[in-house]
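Trainee: Could you pick one part of this model and take me through it slowly, then show me how you would read the rest in that light? I'd like to start with whatever sits around the bound molecules.

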Amino acid sequence: MPTKTFRRGLHVPEQKEPTEGKSAETVPALKQAVVPVNQHFGAPNQSLVAVGDTVRRGQKIADASGPMTVPVHAPISGVVKKIEPRIQSNNLEGPCIVIEAPDGGGPGVPDDDFMPPLDVYGCSKEDALTRIREAGIVGMGGAGFPVHVKLNPPPHKPIDFVIANAAECEPYLTTDEWLMSERAELFARGLAAVMHITGVSRGIIGLEDNKAHLKPVLEAAARAALPKGELVVQLLKTKYPQGGEKFLITALTGREVPSGGLPMDVGCVVQNVGTLAAIAEAFELGKPLIERSLTITGGACRTPKNIIAPIGTLIGDLPQSFIDIDYSGLKKIIFGGPMMGVAVSTALIPVQKNTSGVVLMDENELKAFDEAYCIRCGRCIRNCPCHLTPVLINESLESGDFDEALRTGLIDCIECGCCSYVCPARIKLVQRFRVGKQRYRNIQAAQPKPAAK
Ligand code: SF4
Ligand code: SF4
């Protein structure tokens, strides 16, 4: 089977060796978890608990009633000590529920509070979607889009393909690779469940060819999870951003998601590897999304590894014997991968449902040279996978011409960072585009809503 890909994109140094092939380690029992109340793309949640309440691991602690919302759950058992704003991985303050475990999670901690298991093949579609929502599952590789909404497209948008995004194209990160090598069956059962819920018979696992050794493992797991269906593992060229939804769809199906469109517009549902494993656990164990695997790495981390951590874990709180950070050499902390992640100011920021890694960079890894003037080389244009002209978007933003920035495609930018990476003048293009897009969202949010009829 030939390797597939999309046009443009970049070959970036992979930097995955320090954690590649290592088993994930579960973090030691936490003394506290700081749980962001809002971890989804939708209307804000309200806390369902008060300071002083005792909560059990898995208990729902915040929720909302809107269609694009999901609840959050206690990742550890303990007592609610505070509900207060804290800086989160997007660098913005948001409400967090601080839970402290008695005796560091030892005796006296109440039992788990999971839902009963549910047979996805024996329940209605409505019940299956409700289970996924009640488990608080959002896309674990992206912006936190609620999964139950993704799996329930309107009737005029039929789905032909369910795609598992197994590309993991971000440098440094190997958490999906670990999950596919050691929990392949769980992941494949989650994929089969999604195919069943959406009524789709064709599933594709899109795997970058730097992980080709996992193909037979995944094929065996796929056969076991779906003996009669059609679930194939397709190798993709190792190239950034191969794991971007739009590029994955194009590479695997030849279909192009239109500007401003969604995968469902071209008959596709895309789910990340960790999300599919979480879906399987929500049905089989009744377990809500209260923990995840992620990669902790970078030159200022003396103990690079994949870890399994409760949501709300503060990496800087973990014992030095487990994660050893060289604070004297630490120059930059990135939540997520180095291409699409966000630089934050401290390691005391909670792990969220969509935190796939934390990269602790040292001086050698830092390419933060002063910006120079644009030399009109065109490299940003040649390497933009969305076929935009980053140099022109940037100039429009710089000159304050926001309308021109929108006309030149600001909103179509997927914030992949390819342009910044290749720019010889070190112009912080993607950082400016993020700010510009946030400004656009603020303008949209301030628009008066049409009156209800
Ligand atoms: S303009 Fe946006 S989509 Fe294009 S390379 Fe830059 S960050 Fe990526
Ligand atoms: S890559 Fe940088 S220097 Fe080259 S045209 Fe784009 S913005 Fe200018």
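Mentor: Let's fix one term before we look: a residue is near a molecule or strand if its C-beta atom, placed from the backbone, lies within 6 Å of it. With that in hand, ligand 2 has 14 residues around it, and C374, C377, C380, V391 and C423 come nearest. Keep in mind that this is a predicted model, where local features need pLDDT of at least 70 and side-chain atom pairs count only at pLDDT 80 or more, while totals for chains, interfaces and linings use all residues. Residues are numbered from 1 along each chain as its sequence is written, and chains are lettered from A and ligands numbered from 1 in the order in which they are written.

Two helices, α8 (379-383) and α9 (390-398), each put at least two residues into the shell around ligand 2; helices here are DSSP runs (H or I, at least four residues), strands are E runs of at least two, and both are numbered from the N terminus. By class, that shell has 11 nonpolar, one polar and two charged residues. Nonpolar covers Ala, Val, Leu, Ile, Met, Phe, Trp, Tyr, Cys and Pro, charged covers Asp, Glu, Lys and Arg, and the others, Gly among them, are polar.

Now ligand 1. Of the 14 residues around ligand 1, the nearest are C384, C413, C416, C418 and C419. α11 (418-422) and α12 (429-446) each supply at least two residues of this shell, and α12 gives the largest share, three residues. The class count for ligand 1 is 12 nonpolar, one polar and one charged.

Step back to the whole chain. It is divided into domain 1 (125-284) and domain 2 (379-446), with bounds from an automatic or database domain assignment. Their centres, taken over C-alpha atoms, are 28 Å apart. Six residues from domain 1 and six from domain 2 make the contact, where two residues touch if their C-beta atoms, placed from the backbone, lie within 7 Å. On the domain 1 side of that contact, there are three nonpolar, three polar and no charged residues.

Next, helix α3 (residues 175-182). Six of its eight residues are buried, so α3 is largely enclosed by the rest of the structure; those six are T175, D176, E177, W178, L179 and M180. Buried means 20 or more other C-beta atoms within 10 Å of a residue's own, exposed means 12 or fewer, and partly exposed is in between, with C-beta atoms placed from the backbone.

One partner of α3 is helix α7 (residues 273-284): their axes come within 9 Å and cross at roughly 45°. The two are therefore oblique to each other. In this contact, D176, L179 and M180 of α3 meet V273, G274 and A277 of α7, a set of four nonpolar, one polar and one charged residues.

Finally, some backbone oddities. E168 has a positive phi of about 40° although it is not a glycine. E168 sits in the loop between β9 (161-166) and α3, and it is buried, with 29 other C-beta atoms within 10 Å. Q15, also not a glycine, has a positive phi of about 55° and lies in the segment before β1 (25-26). A cis peptide bond joins Y240 and P241, with omega about -5°; P241 is in the loop between β11 (230-236) and α6 (245-253).

Technical notes
Axes are lines fitted to C-alpha atoms, for helices over the stretch in contact, and angles run from 0 to 180 degrees between N-to-C directions. Angles under 35 degrees count as roughly parallel, over 145 as roughly antiparallel, 65 to 115 as roughly perpendicular and the rest as oblique.
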